[in-house]
Every structure is written in structure tokens, then in C-alpha cells.
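Colleague: I am new to this one. Could you walk me through it, one question at a time?
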Amino acid sequence: MTSAPLVVLCLAYILGLLCTRFIWGGVVVLTLTGAIAAILLLKVPFPKRLEVLKAGLQPRIWLIAGAIGFLATLYLPLRQPQIGVNDISRFVAASDAPTQQQLVNVFGKVASEPRLTRSNRIQFWFEPNQVIEIVGTSGRGGSDTAKTQTVTGKLYVTVPLLQGTGLYPGQRVEVTGRLYLPQPAANPGGFDFQAYLAREGTFAGLAGRQVNFPSSAGSPPTWGLWQLRRRILRAQVRGLGVPEGPVLSAMVLGRRAVDLPHDIRERFMQVGLAHVLAASGFHVAVILGLVRAVTRRFSEKAQFGYGAAVLIIYVFVTGGSPSVLRAALMGSAALLAPLMQRQVNALGSLLLAATFLLIWNPLWIWDLGFQMSFLATLGLLVSTPAVLKRLDWLPPAIASLIAVPIAASVWVLPLQLYTFGVLAPYSIKLNILLSLPLAGITLGGFISAIAAAIWPLAGTAIAWLLYYPLKLTINIVEFVSQLPGNSIATGTLSIVQLVILYGIVVSVWLIPWLHQKRRWMLGLLFAVGLVVVPVFYAQTTVFQITALATRGDPVLVVQDRGKAIVINSGDEATARYAVLPFLRQQGVNQIDWAIATTPVNYRSGWYQVLDSLRVRVFSSPETGPHQTGDRPLLTTLSNRKGSYHPLPVGQTLAVGTTGVHVVSLKPPVVQFQIRNQMWFLLGDLNPSEQSRLVTAGALLEGENGPAPLRVLWWSGEQLAPYLVEALQPSVAIASNDAIDPETERLLRQRNTQIYAIGREGAIQWNSRDGFGSTLDPRENENLFL
């Protein structure tokens with residue numbers, strides 16, 4: 001059994017790692033542990049559930065814990081991946097134009113099994129050893145000059161589908177493509193690609209065009225863990241087809257080890273079943289159960305040996321994610337207990353496993369999979385008995401099916417809201433409904449995988465038996481994902497809200513006084529209010545305009561006291577990775593008016609928006625006497641109970657407090673009057689079009705005279721002086737990272753505030769802070785200095 005001093009020291013270490021998020025994190029740890037030591041000296045009574053932290057402890061233990069926590073705040077930064085002297089990212093940064101992509105040949109070794117991306121490209125990690133920059137070319141394929149350098153590090157590589165087919169880990173290849181430096185999130189709520197690669201020890205990417213194989217490259221190895229994964233996947237796909245086969249493989253090996261279709265993975269995540277496709281404690285429990293069933297006639301030593309061997313193989317086959325390692329360590333403790341003739345302390349095993357893994361790699365403290373796995377397991381251990389006690393009027397089997405998802409959700413939900421800002425209302429009900437089918441399918445999947453590793457035909461036959469249960473499960477998930485309100489955006493929580501929510505959860509667990517129904521219900525109401533009230537206040541009071549950092553059509557989001565207006569959606573990728581994440585972060589569940597300033601086509605991102613959010617009214621320019629927009633889009637809009645309103649050219653359309661005036665479609669020129677602001681969105685205008693725009697007097701001055709604040713949003717190309725004079729912008733926003741020097745000089749002469757979205761990310765205005773940008777361009781420029 002874990003002793004109290006060890007519990008305190010482990011908790012102090014984990015707390016120290018968590019406090020690295022704050023500048024004065026080490027001081028916080030020392031202050032907290034010092035305060036507890038002082039309380040012990042003063043003999044202040046502890047709550048009963050906390051007596052384990054007091055019994056047998058002296059103040060010096062808490063002082064030692066404080067020192068360990070403080071050292072943890074220093075240890076994690078020391079383990080942060082650093083850019084090596086010869087790292088390939090320095091090769092990019094040393095270029096004459098590091099922000100531009102460089103055409104290179106990179107030689108090295110494939111370091112991971114290739115994966116298919118959403119854009120149908122193959123992605124893999126790559127360990128380079130030499131890079132040759134192609135500076136100039138002469139004739140067909142010849143090069144005038146080339147810059148060769150020996151490099152180290154790691155690359156994030158994507159190549160066309162046909163070029164990446166057949167690659168395997170350890171293979172030596174030459175990749176031709178363009179090097180680039182990853183960028184941080186340019187939009188609020190967006191994906192921080194730079195931070196993601198940095199956590200993997202990678203500081204550059206390569207957009208590959210072609211993969212070449214050296215003549216010295218040998219044949220693929222006859223055996224390996226990656227081949228075992230492929231063997232299992234192929235056997236199960238042969239028996240089930242797609243997507244059922246990959247889904248079954250993901251339920252056995254985890255989605256990190258299987259190339260799962262993106263739409264299926266998103267639907268499971270959307271309805272709250274992401275854990276089904278993640279290798280974790282449940283999978284380890286199934287494995288150990290199978291090992292125990294097969295080896296029950298053997299001695300305890302033999303059972304331990306077989307179980308440990310199977311766990312080691314499973315960890316390597318699944319890729320060794322932090323959640324799998326945590327579960328494997330706890331499973332090892334369960335195997336070791338009969339040998340030592342001792343009972344396993346599950347809570348102590350969880351704490352020791354987490355501490356050991358975080359000593360091995362402290363960066364896992366910020367790994368979402370590790371956090372979710374730890375919290376879900378903790379919830380199952382400490383909250384399931386309490387939930388079962390209140391469900392004692394039900395049969396035990398049914399009560400367990402209900403208690404397990406509730407207990408896990410209570411501990412995971414605050415982190416989920418903090419990270420994603422999305423609530424899945426049907427999650428608990430769906431987990432209860434599918435608990436038994438999923439357990440049976442997973443067990444059958446493991447049996448199929450073991451059989452496939454020995455004899456693929458047997459694995460295929462067993463997988464075939466699971467077709468109808470798996471098909472039904474996928475259909476239920478797809479059905480629930482289409483239900484109204486299947487996903488509610490709450491807006492991402494602040495760190496203060498997160499700490500308070502977990503403070504409530506821990507208090508209800510540890511303090512017996514709160515176990516009475518009325519008291520813990522008050523805690524629940526307070527927790528709900530802590531989430532709902534700030535969102536409601538922000539939605540009803542905020543007036544904010546955001547120009548998102550996107551390519552192609554400019555995207556503008558106006559939030560006006562609970563009303564959301566979205567102008568343009570970009571293409572499919574823009575909507576998925578920029579528009580929707582921003583709206584989720586802001587807690588927007590409905591778009592009151594969606595406006596397309598250009599005609600909609602089948603590649604438009606509006607389809608992605610309509611699949612995720614309700615759009616009350618949609619407007620787009622009339623493109624002909626008998627055509628009022630893209631027909632499939634209008635059908636989807638009608639099915640979602642939305643309406644269409646044409647956006648006439650040359651007329652002003654009132655959208656709440658916003659006026660929209662389309663001056664022309666080709667090139668696009670649109671004006672928006674948003675309260676006391678006039679925004680001018682200009683497409684690429686040649687000199688004659690600029691002159692015609694001014695002489696025709698098509699630009700409006702606003703309903704009540706000139707608007708106090710005039711905002712120009714254009715591509716950054718050259719503007720004629722007379723057009724700048726006619727617009728009189730107070731703020732100018734360029735869509736690119738470069739602005740025409742002469743135009744920039746004219747704007748600065750007028751004391752115009754200038755932003756470049758390419759350098760500074762999304763530009764946001766609100767009534768409290770005025771204009772501001774998401775990124776600091778100086779940080780990007782000095783990244784490698």
C-alpha cells in the first residue's frame with residue numbers, strides 16, 4: 001500500500017509540472033506546501049478524507065514536497081525539445097527569405113508509419129541527414145547551383161498519395177519538396193501547428209512533391225511491429241470492408257495506430273465516443289482478462305510472465321502513447337500483486353504510474369490523451385462507488401452500465417470544455433446504450449487480431465462475425481451526430497474556471513459534509529452557473545468584429561449582443577480549420593445571417609458550416625435572372641430550417657444593425673456599415689477599375705454622414721492615391737504579409753493604422769480594447785534569433 005509521504009511527494013511533483021504554465025509556478029508550490037506545513041505545526045484539524053495526508057507526516061515532509069515541486073518547475077523546461085546546432089530548421093531560418101518555402105532534396109529515414117491526411121496526402125515523420133537546396137535550374141532537370149548541408153532533427157513531411165504508398169518505417173528515401181517553418185495559430189481557437197510540432201521535437205516541415213529511392217536501399221524487413229499492425233488491419237478490412245474494418249482495428253489498436261477515415265473519427269468524437277477509438281485502460285483490461293483465461297491453469301509466475309510479455313507487445317504495437325503506457329503500468333501492478341500476495345491499491349497504482357511516466361517524460365503533463373486517460377481512470381476509481389450507491393434500486397448490472405460513464409464524465413468534462421469548448425449532450429446516454437455492444441465488439445476484435453497475427457484467414461473469419469454489430473454501432477453514431485443539438489458550443493473556459501470546477505469535483509469527493517444530496521446539488525448548480533453565466537453575459541453584451549486570417553475570400557465575423565453574422569466562409573479547409581473553431585471558441589451555436597459576397601460553388605466552406613451550425617438566413621449575390629444561388633446548398637439550408645435571401649448588386653441589405661452593399665461582383669467590392677464603422681472589402685482591382693470605382697461614385701458614405709471609423713480590407717496590392725483619398729481609411733488591413741511600399745507610404749502619411757494578416761494573424765476589434773492582432777509579428781521574425 002502506498003504510504004502517505006509518497007502520496008504527498010508524488011502530488012507535489014505533478015503539481016509542480018502543472019504550475020509551469022505560470023511564471024511564478026515554483027513560488028506557488030512553495031507557498032502552498034509551506035502553508036500546509038504551518039497548519040500542521042498549528043495542529044489545525046484535517047477533513048477525514050485528507051487524514052491520509054496528515055497521518056504520520058511531519059512538517060519537514062511538506063517542506064521536502066515543496067522543494068520537489070519547485071524542482072519540477074525547473075525540470076520540465078530543461079526537457080523541452082531544443083533546436084540543435086545542425087537542426088534542419090536552422091537551414092530554413094538561414095535562408096535569404098525564411099518565410100518563403102525552399103525547394104530542396106532531403107535525404108534521410110522514414111521514422112513513422114505513413115498516414116493519410118484529410119487532403120488525401122501521405123504524412124510521416126522523417127529523420128533527415130542531408131539537405132540540398134535547389135537554388136537555380138538550367139534546362140531540363142539540371143541545376144545551376146546547389147547548397148548542400150549535413151543536418152539533423154526531425155521533419156513533418158507530406159507527399160502526394162501515389163508517392164507515399166508503400167513507405168515503411170526505417171526506409172531510406174530522398175524527398176523533393178519545399179521546406180517551411182510551421183506557424184502558430186493565426187486565428188483565435190485555431191490549431192497551433194508550431195506548438196504541436198515543437199512537442200514532437202520538430203521545428204520545420206516539408207511539403208513533398210516526389211519520393212525517390214536510392215539504389216543502395218535494400219528490401220523491406222521480413223518482420224516488424226509495423227508489419228504486425230498492417231497484418232491485423234488487412235485481415236479485419238478483408239472480413240469487414242471499409243469503414244467497418246478500420247473502425248474495428250482502431251477499437252483494438254487505437255486510432256493513432258490505424259489510418260481511420262476522418263469523417264468516422266470526427267463523428268465518434270462529436271457524440272462523445274472518442275475513447276472507444278483510443279487504446280486505454282479498457283483495452284489493457286481486456287488483454288489481461290484474455291491472458292488470465294488462457295493461462296489460468298499455469299502458475300502465478302507463468303501468468304505474470306505471459307501477461308507482461310503480451311502487455312509489452314501491445315504497448316509497442318499501439319505506438320506507446322501515454323494513455324497506453326499508464327494503463328500498462330497499472331496492469332503490471334495487477335499482475336504483480338498475486339506474486340507478492342498483496343492487494344493492489346488502485347488509486348496508489350494510478351498515482352505511481354502517472355508520476356513514473358512524468359519523470360520519464362514531463363512533457364506528457366500537457367498531452368491531452370494522458371490527461372483524459374488519467375482523469376477518466378480517477379473518476380472510475382473514486383466516483384463509481386458513490387454513483388452506484390445512489391442507483392442501488394436498480395439491478396447491479398444495469399446500475400454499473402449507468403454509473404461508469406457518469407463517473408468518468410464528471411472528471412473529464414471540465415477539461416473537455418477548457419480544451420474544446422464543446423459539450424456533447426447525448427454522450428452519457430449513448431455510452432450507456434452502447435456499453436455492452438462495444439465491450440463485445442472490442443473483445444471480438446482482440447480475438448480477431450490475435451488470430452490474424454498467427455493466421456490472417458482466421459482473423460478475417462472472426463472479424464466477419466462482427467460485421468452486423470459493428471455496422472449497427474456506426475449507424476447509431478451517425479444518426480446521433482445528425483440530431484439537433486448533438487454538439488453545443490459553450491466557449492472555451494478560462495484557467496480560473498477550470499481550477500474552480502476541479503476544486504468543486506475534488507471537494508465533493510473528499511469532504512463528507514458535501515455528500516448529502518442537497519449539498520452536492522448546490523455544488524452542481526454552482527458549477528453549471530460558473531460555465532453558463534459568463535457565456536450568457538458575453539453573448540448578450542459583446543460587440544466584436546473579427547477579420548479572420550484566411551486565404552482566398554476575406555472572412556468577417558460580427559458578434560453583436562448575441563447575434564452572429566458571418567461574411568464568407570472560404571473553401572472547405574478554411575471553414576473547417578478557421579471559421580468553425582473560432583465560432584466554437586466564442587460559444588456561437590447559431591449564425592443569424594450568413595453572407596457570401598461571391599457566388600457559391602461546390603467547393604464552398606458553407607457546406608461545412610451548415611453541417612455544424614444552424615444558419616437562420618443565408619444571402620449570396622444573384623448570378624442570373626433564374627438562379628439565386630447554389631441549388632444543393634439551398635436544399636441543405638432548407639432542410640436545416642433556414643431561409644435564403646438574395647444579395648442584390650447595387651443595393652443595400654439591412655442585416656440587423658449591419659448594412660451590406662455589394663458594389664460589384666467582378667472584381668468583388670463590398671461595403672459593410674457596422675454601427676459606426678464602414679468596412680470596405682476590395683478585390684484585386686487594376687488601375688482602370690480603381691478609377692471607375694471612384695468616378696462612378698459607387699462608394700457609400702454611411703447613413704448618417706461619414707462614419708467615424710473607416711476600415712479598408714484589401715489584398716495588399718497597389719492602390720491609386722485617388723482611391724486612398726476617396727476611402728479615407730482610419731485602419732487598413734492587408735490579407736497578405738507584404739504590402740505595396742507606395743501604398744503603405746500613402747497610408748502612413750494619413751496616419752492610418754496598418755495591419756498585415758499574413759504576419760499578425762486575425763485582426764479583432766471590440767468596444768473595450770479597440771483593434772488588436774492574434775500574433776506578434778516580432779515573435780515570428782525573431783523565432784530563431
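**A first walk through the model**

Modeller: L30 is a good place to begin. It has a relative accessible area of 39%, which lies between the 20% and 50% cut-offs, so L30 counts as partly exposed. Keep in mind that this is a predicted model.

Colleague: Which helix holds L30?

Modeller: Look at residues 25-41. L30 is found there, in helix 2.

Colleague: Which residues make the nonpolar surface patch of about 340 Å²?

Modeller: L30 is one of them. The largest share, 3 residues, comes from helix 3, residues 59-79. The patch is made by L30, F70, L71 and L74.

Colleague: How far apart are the end C-alpha atoms of helix 1?

Modeller: Helix 1 runs over residues 4-18, which is 15 residues. At 1.5 Å a residue, it should span 21 Å. The model agrees, because the end C-alpha atoms are apart by 21 Å.

Colleague: Which residues of helix 1 are buried?

Modeller: Start with a rule. Residues three or four places apart point the same way, because an α-helix has 3.6 residues a turn. In helix 1 the buried residues are A4, V7, V8, C10, A12, Y13, I14, G16 and L17.

Colleague: What is the expected span of helix 7?

Modeller: Helix 7 has 16 residues. Its end C-alpha atoms are 23 Å apart, which agrees with the expected value. At 1.5 Å a residue, that expected span is 22 Å.

Colleague: What covers the buried residues of helix 7?

Modeller: Those buried residues include W226, L228, I232 and L240. Several helices contribute to the cover. Among them are helix 8, helix 11 (300-318), helix 16 (427-454), helix 17 (456-464) and helix 18 (467-481).

Colleague: How many of the residues of helix 8 are buried?

Modeller: Helix 8 covers residues 244-253. Its buried residues include E244, P246, M251 and L253. Helix 8 is largely enclosed by the rest of the structure, because the buried count is 10 of the 10 residues.

Colleague: Which peptide bond is cis, with omega near 10 degrees?

Modeller: Most peptide bonds are trans. Look in the loop between helix 7 (225-240) and helix 8, where P243 lies. The cis bond runs from V242 to P243.

Colleague: Which residue takes a positive phi just after helix 7, and which just after helix 8?

Modeller: Both are glycines. Just after helix 7, the phi is about 80 degrees, and the residue is G241. Just after helix 8, the phi is about 90 degrees, and the residue is G254.

Colleague: What is the phi of N120?

Modeller: Most residues other than glycine have a negative phi. N120 is found in the loop between strand 2 (115-116) and strand 3 (121-138). It is partly exposed, with a relative accessible area of 49%. Its phi is positive, near 60 degrees.

Colleague: Where is R561?

Modeller: R561 is a residue other than glycine with a positive phi, near 50 degrees. Find strand 11 (555-560) and strand 12 (563-567). R561 is found in the loop between strand 11 and strand 12.

Colleague: How many aromatic pairs does a search of the whole structure find?

Modeller: A pair of aromatic rings is described by the distance of the centres and the angle of the planes. The search of the whole structure gives 18.

Colleague: What is the angle between the planes of F191 and F193?

Modeller: This aromatic pair is tilted, at 6.4 Å centre to centre. F191 is exposed at 52% relative accessible area, whereas F193 is buried at 18%. Both belong to one aromatic cluster with W125, Y156 and Y196. The angle between the planes is 45 degrees.

Colleague: Is Y180 buried or exposed?

Modeller: Y180 is found in strand 6, residues 172-180. Its C-alpha is 7.8 Å from that of A207, 27 residues apart in sequence. Its relative accessible area is 16%, under the 20% cut-off, so Y180 is buried.

Colleague: Which residues is P581 in contact with, leaving aside neighbours within four places in sequence?

Modeller: P581 sits in helix 21, residues 572-585. It counts as buried, at 10% relative accessibility. The C-alpha atoms of P581 and P188 are separated by 7.8 Å, though 393 residues apart along the chain. The contacts are P188, G189, A575 and R576.

How values were computed:
Residues numbered from 1 in each chain as written. Predicted model: local features only at pLDDT ≥ 70, side-chain atom pairs only at ≥ 80, totals over all residues. Heavy atoms only, no water. Helix = DSSP H or I, 4+ residues; strand = E, 2+ residues; numbered from the N terminus. Buried < 20%, exposed > 50% of the residue type's maximum accessible area, 1.4 Å probe, protein only. Patch = residues over 30% accessible without salt bridge, like charges linked within 9 Å, V, L, I, M, F, W, Y side chains within 5 Å. Areas by Shrake-Rupley, 256 points an atom, 1.4 Å probe, with all protein chains shown as cover. Salt bridge = Lys/Arg side-chain N within 4 Å of Asp/Glu carboxyl O. Expected span 1.5 Å × (residues − 1). Contact = heavy atoms within 4.5 Å. Phe/Tyr/Trp six-rings, centres within 6.5 Å; stacked < 30°, edge-to-face > 60°.
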